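Please look over the structure shown below before reading the notes that follow, which are arranged by topic for someone meeting it for the first time.

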Amino acid sequence: MPDKKKRNRIWSYGSNSVVSTLFFLGILVFIALIAEEHPWRVDLTESGRYTLAEQTRNILKTLDQPVEIKAFFPTSSPQEMQARELLETYRYFNKKISYEFIDPDRQPDVARRYEIRNYGTLVLEGYGKKQSIQNIDEENLTNAFLKLTTKEQKKIYFLTGHGEHSSQLEDKNGYAHARSALEKDNYVVADLNLMQKNEVPRDAAMVIIGGPEKPVFPEEVKRLNTYLNEGGKVFVLLDPYRDGGLRDFLKAHGIELKDDIIVDESVGIFGGNYLMPLAAKYGHHKITQNFNIATFYPEARSVRIMNPLPKGVEVEALASTSQDAWAETNLKLLEEQHKVGFDEKEDLSGPVPLAVAAEIDPREFNAEGAGGSSAGDREEKKNDDTGKGAAKGYLLVSGDSDFVANSYFGLSGNADLFLNMVNFLAGDENLITIERKESQGRPLLLTQNQFYLLVWMVLVVVPLIVILSGLVVYRVRRSQR
């Protein structure tokens with residue numbers, strides 16, 4: 001009989017334990033299902049480091065179609081963890097976003113299909129478009145979403161009629177690869193002959209002048225000048241020995257051309273071609289922010305920043321050579337005897353600027369008279385704070401036009417730098433800017449007395465208390481034996 005009671009008690013206790021365990025597990029599963037359907041996150045950092053900006057959240061609310069993101073990172077790299085954290089935060093606000101991490105070394109076929117040239121590239125696909133970014137932060141990622149969802153296609157014109165690189169040609173000198181890359185970035189590319197137009201078309205997001213062999217006519221320069229001074233964007237790519245008839249136009253905007261060719265004897269690849277300098281230094285500009293990939297310029301001339309600059313003009317060097325390079329002005333010696341040598345009296349020593357960007361404030365620039373506008377026009381533009389006359393113009397000049405040609409477009413960072421330049425000129429003013437959230441440290445400020453108190457407490461008092469406590473315990477135990 002006692003055994004039977006004992007078995008019943010064991011069975012009862014066991015049953016209760018099993019039921020309680022199952023009930024507890026059921027509660028956990030229920031909570032997990034609720035959390036899966038209704039996730040909840042709290043950012044407890046002081047700077048809001050893990051909270052998306054309001055502009056980002058508003059853009060994510062407008063996503064009504066799936067967006068797939070391919071993230072190309074080496075497996076388990078620190079950059080992968082940071083990108084995963086950022087993407088998961090975006091997905092928290094919109095479940096239509098999905099992402100997949102791909103190791104380019106383990107899946108080279110996928111990387112090749114998406115034309116990945118660098119680790120840390122994100123490719124966003126959705127709305128029938130594709131956007132690629134490399135600098136992974138909230139501002140760049142949000143702007144990529146903005147480009148993906150916008151229906152507007154900006155138009156980029158390539159100037160023609162002077163022997164420029166053609167955006168149609170597939171040969172080594174053509175710009176077909178650049179054109180294809182621009183079209184993938186959702187731009188519309190068209191040719192422009194200013195000899196047949198009275199002005200730059202109103203729908204132009206920017207005008208590219210790609211290495212003219214013959215001078216641009218003065219009337220065309222005048223039309224470009226008017227376009228630029230009314231807030232237009234002009235990208236000029238030149239070569240040694242050819243200024244395209246743009247020397248005075250550039251000089252009026254703070255950029256000086258000299259008859260020279262850059263020699264860089266430090267370049268040890270490509271057969272030691274000292275006439276193919278590489279950019280060893282990039283300026284502090286939005287175009288080159290976090291950009292650290294080498295770019296190559298087969299036969300380049302210097303593009304120099306004037307001092308002083310015209311009023312209303314700010315110029316920044318984007319890419320420069322190393323200090324070992326120089327701008328060779330003795331072209332006769334180079335052509336006839338194939339010799340070069342630095343002349344400190346005539347040549348410009350390195351770092352030699354290869355590409356520069358000028359920002360033109362038309363109100364100050366035209367008021368100064370350098371823009372060539374009439375007095376009435378100048379006064380009208382000066383007072384116009386909301387119209388086109390108040391928009392800033394941008395002029396970007398490269399001392400080489402071949403670095404974008406089909407032969408060199410895919411070389412190292414050439415394509416990336418070119419697309420950064422175009423994206424800035426054609427689209428930057430409409431994109432959003434998000435202030436970077438930096439974690440702020442809190443310094444601990446102590447008075448001298450507080451410092452001494454802290455030192456005594458940590459190094460003397462606390463260890464002494466521990467030692468005394470140990471001795472007391474030892475004595476008590478010893479007395480109890």
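Which residue in S14 does isoleucine 261 stand opposite? The residue opposite isoleucine 261 is glutamate 328, in S14. The model described here is a predicted one, and the points below take up its sheets, a hairpin and a pair of helices in turn.

**The three-stranded sheet and the loop before S15**

- An open sheet is formed by three strands in the order S10-S14-S15, and the pairing within this sheet is antiparallel.
- Strand S10 (261-263) and strand S15 (348-349) are the edge strands, each having a single partner strand, so one side of each is left without a neighbour in the sheet.
- S10 is joined by three bridges to strand S14 (residues 326-328), and these two strands run antiparallel.
- Glutamate 344 lies in the loop between helix H9 (331-337) and S15, and this residue counts as exposed because its relative accessibility is 67%, where exposed means over 50%.
- Although glutamate 344 and tryptophan 326 are 18 residues apart along the chain, their C-alpha atoms are separated by 9.5 Å.

**The eight-stranded sheet**

- Eight strands make up an open sheet whose order is S6-S5-S7-S8-S17-S16-S13-S11, with mixed pairing.
- The edges of this sheet are S6 and strand S11 (281-282), each of which pairs on one side only.
- Strand S5 (residues 155-159) is mostly covered, with four of its five residues buried, and five bridges join S5 to strand S6 (residues 188-192) in a parallel arrangement.
- Within the pairing of S5 with S6, phenylalanine 158 stands opposite aspartate 191, which belongs to S6.
- Elsewhere in the sheet, strand S13 (residues 313-320) pairs with strand S16 (residues 353-360) in the antiparallel sense, over seven bridges, and glutamate 314 stands opposite glutamate 359 in S16.
- Helix H7 (residues 218-229) packs on this sheet, where the helix touches strand S7 (204-210), strand S8 (233-237), S16 and strand S17 (393-398), and the direction of H7 makes about 140 degrees with that of S7.

**The hairpin of S3 and S4**

- Strand S3 (residues 121-126) and S4 pair in the antiparallel sense over five bridges, and leucine 124 stands opposite glutamine 131 in S4.
- The hairpin of these two strands has two residues between the strands, and in it tyrosine 127 takes a positive phi near 55 degrees.
- Strand S4 (residues 129-133) has two faces that can be told apart, a covered one with Lys129, Gln131 and Ile133 and an uncovered one with Lys130 and Ser132.

**The contact of H6 with H12**

- Helix H6 (residues 176-184) and helix H12 (residues 414-427) have axes that come within 11 Å and cross at roughly 50 degrees, which means that H6 is oblique to H12.
- The crossing of H6 and H12 is a right-handed one.
- On the H6 side the residues that meet H12 are Ala178, Ala181 and Leu182, and the H12 residues that they meet are Phe418, Leu419 and Val422.
- Sorted by kind, the residues of the contact of H6 with H12 comprise six nonpolar, no polar and no charged.

Definitions and conventions: Residues numbered from 1 in each chain as written. Predicted model: local features only at pLDDT ≥ 70, side-chain atom pairs only at ≥ 80, totals over all residues. Heavy atoms only, no water. Axes fitted to C-alpha atoms, helices over the stretch in contact; angles between N-to-C directions. Parallel < 35°, antiparallel > 145°, perpendicular 65-115°, else oblique. Left-handed = near helix turned anticlockwise from the far one by under 90°. Contact = heavy atoms within 4.5 Å. Nonpolar A, V, L, I, M, F, W, Y, C, P; charged D, E, K, R; others polar. Buried < 20%, exposed > 50% of the residue type's maximum accessible area, 1.4 Å probe, protein only. Pairing = 2+ DSSP bridges.
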